[in-house]
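Got your viewer open? Let's take a walk through this one together, one selection at a time.

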Amino acid sequence: MDYVLHYEPLAKAYSAPEQPLYSLQARESAWLEPSPHLSIPEMAREYIHAIRSVQQRGPYQLVGYSMGSSIAGEMATQVHAMLVRKSQCQAARC
């Protein structure tokens, strides 16, 4: 099932060459993996890894629908925490 295709009108309206739009779909809803994620933080970590494999640095604009909005919020929290740790490390000259 291609649930992410429901976002096509949004993607067409808001994407631009300088700010591409990528779509992620949960493994279990896509029947891609037999074992679903165990938690929202776990899903967020995996999705961040997937995004960074395509676009290493932000800015990132995250959107989600229903449970996806909770995952997008967790992703934003995790990315922010990564940036804070990196900044602290640079300040301490790690």
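## Starting at the largest pocket

Select α4 to begin: with 5 residues, α4 gives the largest share of the lining of the largest pocket. Keep in mind that you're looking at a predicted model.

Now for the pocket itself. It holds about 1,000 Å³ of space. Its lining counts 35 residues, and the ones closest to the centre are Tyr 7, Ser 23, Leu 24, Val 63 and Gly 64. Select those five and you'll be looking at the middle of the pocket. Next, colour by element: α1, α3 and α4 are the ones that give two or more residues to this lining. If you colour by residue class instead, the lining splits into 24 nonpolar, 10 polar and 1 charged.

## Zooming out

Pull back and show the whole chain as a cartoon. What pattern do you meet as you read along the sequence? It's α-α-α-α, with 4 helices and 0 strands in the protein. There are 94 residues, and buried ones make up 19% of them. If you look at contacts with a separation of 6 or more, 52% of them join residues 24 or more positions apart.

## The second pocket

Go back to α4, since it has a part in the next stop too. The second largest pocket has a volume of about 280 Å³. It's lined by 15 residues, and Arg 52, Gly 58, Tyr 60, Val 79 and Leu 83 are the closest to its centre. Here α4 again brings the largest share of the lining, this time with 6 residues. Both α3 and α4 supply at least two residues each. By class, you'll find 10 nonpolar, 2 polar and 3 charged residues around this pocket.

## A loop stop: Gln 55

Leave Tyr 60 selected and add Gln 55, because the two touch and Gln 55 is buried. Where does Gln 55 sit? You'll find it in the loop between α3, which covers residues 40-54, and α4, which covers 67-91. Is Gln 55 buried or exposed? Its relative accessible area is 17%, so it counts as buried, the cut-off being under 20%.

Show the neighbours next. Leaving aside residues up to four places away in sequence, Gln 55 touches Pro 20, Tyr 22 and Tyr 60. Then put a distance label between the side chain of Gln 55 and the backbone of Arg 57: a polar atom of that side chain lies 3.0 Å from the backbone oxygen of Arg 57.

## Last stop: a salt bridge in α1

How many salt bridges does a search of the whole structure find? The search turns up 1. To see it, select Lys 12 and Glu 8, whose side chains meet at 3.2 Å, N to O. Side chains of opposite charge can pair when their charged atoms come close.

Now look at where the partners sit. Lys 12 and Glu 8 are both in helix α1 (residues 8-14), and because they are 4 residues apart there, about one helical turn separates them. Switch on the surface and compare the pair: Lys 12 is exposed, with a relative accessible area of 63%, whereas Glu 8 is partly exposed at 39%.

Before you close the viewer, keep Glu 8 selected and add Ser 23. These two are 15 residues apart in sequence, and their C-alpha atoms are 9.6 Å apart in space. Ser 23 also takes you back to where you started, as one of the residues closest to the centre of the largest pocket.

Technical notes:
Residues numbered from 1 in each chain as written. Predicted model: local features only at pLDDT ≥ 70, side-chain atom pairs only at ≥ 80, totals over all residues. Heavy atoms only, no water. Buried < 20%, exposed > 50% of the residue type's maximum accessible area, 1.4 Å probe, protein only. Polar contact = N/O pair within 3.5 Å; in protein donor to acceptor, adjacent residues only side chain to side chain. Contact = heavy atoms within 4.5 Å. Salt bridge = Lys/Arg side-chain N within 4 Å of Asp/Glu carboxyl O. 1 Å grid on protein atoms, 1.4 Å probe; cavity = no way out; pocket = protein on both sides within 12 Å on 5 of 7 lines; lining within 4 Å. Points joined across faces, edges and corners; volume = space filled by probe spheres on them. Nonpolar A, V, L, I, M, F, W, Y, C, P; charged D, E, K, R; others polar.
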